[in-house]
Amino acid sequence: LDQLRFKQILLNGLSNACKLTTTGEITITVSLHAHARVRVDVCDTGPGLVGITEDQLFAPFTQGAKNNTASDAFTRGLGLGLPVCKDLVTTMGGEIHLQNRNDGIRGARFWFEVPCLPDNIDGSDSDDANAVLAPKSADDIETPRFHKSLARS
């Protein structure tokens with residue numbers, strides 16, 4: 001797992017969620033899936049995708065529709081973050097998506113899934129996967145901390 005690329009993708013997804021969510025919540029879920037793939041979901045209660053498709057958002061220099069965010073926060077960038085993330089995830093052998101939430105809550109769901117083992121270990125042998133994934137000591141475990149206070153309306 002390329003930690004630098006992984007962090008860049010995660011931070012871009014979080015940054016977009018933070019810019020677009022003025023009230024409500026942002027939820028991050030990290031899970032390990034079959035064949036030693038790690039999946040990260042970032043769900044928010046922002047405006048969701050309005051007037052733009054997932055394919056358009058992953059195209060360079062494309063941004064969400066104006067007037068669907070607080071102060072059009074999303075349109076402050078150049079529209080390169082998501083295309084760069086897509087290239088990074090694809091290079092890592094994974095997949096990435098951004099879509100409206102389908103759980104009855106307004107907002108967007110950004111997720112990506114990438115292999116977390118070296119190419120020579122496919123995860124089918126659980127002993128090999130566990131040996132690579134297991135931390136060597138308690139010092140090897142980083143606890144990510146994320147908190148965003150959101151105004152209540």
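Let us start at Arg39. Leaving aside neighbours within four places in sequence, Arg39 is in contact with Thr29, Val30, Ser31, His33, Arg109, Trp111, Phe112 and Glu113. The model you are looking at is a predicted one, and Arg39 is a good place to enter it. This arginine sits in strand S2. Is Arg39 buried or exposed? With a relative accessibility of 15%, Arg39 counts as buried, because the cut-off for that label is under 20%. One of its contacts, Trp111, is 72 residues away along the chain, yet the C-alpha atoms of Arg39 and Trp111 are separated by 7.1 Å.

Now look at the charged groups around this arginine. The side chain of Arg39 makes a polar contact with the side chain of Asp41, at 3.1 Å. Arg39 also forms a salt bridge with Glu113, where the closest N and O atoms are 3.9 Å apart. That pair links distant parts of the chain, with Arg39 in strand S2 and Glu113 in strand S4, 74 residues apart. At 3.9 Å the pair still qualifies, because the rule asks for a side-chain nitrogen of Lys or Arg within 4 Å of a carboxyl oxygen of Asp or Glu.

Glu113 has another partner to follow. Its side chain meets that of Arg37 in a salt bridge, with 2.9 Å from N to O. Arg37 belongs to strand S2, which covers residues 37–44, and Glu113 to strand S4, residues 108–115, so this salt bridge ties together parts that are 76 residues apart in sequence. Both ends are out of the way of solvent by the accessibility criterion: Arg37 is buried with a relative accessible area of 18%, and Glu113 is buried with 11%.

A further link joins these two strands. Which residue forms a salt bridge with Asp41? It is Arg109, and the closest N and O atoms of the pair are 3.1 Å apart. Arg109 lies in S4 and Asp41 in S2, so parts that are 68 residues apart in sequence are tied together here. Arg109 and Asp41 are both buried. Put together, Arg37, Arg39, Asp41, Arg109 and Glu113 are linked in a network of salt bridges. For the model, the count of salt bridges comes to 5.

With that network in view, step back to the chain. It contains 4 helices and 4 strands, and from the N terminus on the elements run α-β-β-α-α-β-β-α. Of its 153 residues, 39% count as buried. Among contacts with a separation of 6 or more, 57% come from residues 24 or more positions apart.

The helix to visit next is H1, residues 3–20. How do its 18 residues compare with the expected span? At 1.5 Å a residue they should span 26 Å, and the end C-alpha atoms are 26 Å apart, which agrees. At the N-terminal end, Asp2 acts as a cap: one of its side-chain oxygens lies 3.2 Å from the backbone nitrogen of Leu4.

Follow H1 along its length and you will find Phe6, Ile9, Leu10, Asn12, Gly13, Leu14, Asn16, Ala17 and Leu20 buried. The spacing of such a list is easier to read with the geometry of a helix in mind. An α-helix has 3.6 residues a turn, so residues three or four places apart point the same way. What covers the buried residues of H1 includes strand S1 (26–33), S2, helix H3 (81–91), strand S3 (95–100) and S4. Strands S2 and S4, which hold the Arg37 and Glu113 pair, are thus among the elements covering H1.

Just past the helix comes Thr21, in the loop between H1 and S1. Thr21 counts as buried, at 1% relative accessibility. A polar atom of its side chain lies 2.8 Å from the backbone oxygen of Ala17, and Ala17 is itself one of the buried residues of H1.

Finally, consider how H1 packs against H3. Two packed helices are described by the angle between their axes and the distance between the axes. Here the axes of H1 and H3 come within 10 Å and cross at roughly 145°, and the crossing is left-handed. On the H1 side the contact is made by Arg5, Gln8, Ile9, Asn12 and Asn16. The H3 side supplies Gly81, Leu82, Val84, Cys85, Leu88, Val89 and Thr91. Ile9, Asn12 and Asn16 also appear among the buried residues of H1.

Conventions
Residues are numbered from 1 along each chain as its sequence is written. This is a predicted model: local features need pLDDT of at least 70, side-chain atom pairs count only at pLDDT 80 or more; totals for chains, interfaces and linings use all residues. Side-chain values use heavy atoms; hydrogens and water are left out. Helices (H or I, at least four residues) and strands (E, at least two) are DSSP runs, numbered from the N terminus. Buried means under 20% relative accessible area, exposed over 50%, partly exposed in between (1.4 Å probe, protein chains only). The expected span of a helix is 1.5 Å times one less than its number of residues. Contact means heavy atoms within 4.5 Å. A polar contact is a pair of N or O atoms within 3.5 Å; within protein, one must be able to donate a hydrogen and the other to accept it, and residues adjacent in sequence count only if both atoms are side-chain atoms. Axes are lines fitted to C-alpha atoms, for helices over the stretch in contact, and angles run from 0 to 180 degrees between N-to-C directions. A crossing is left-handed if the near helix is turned anticlockwise from the far one by less than a right angle, and right-handed if clockwise.
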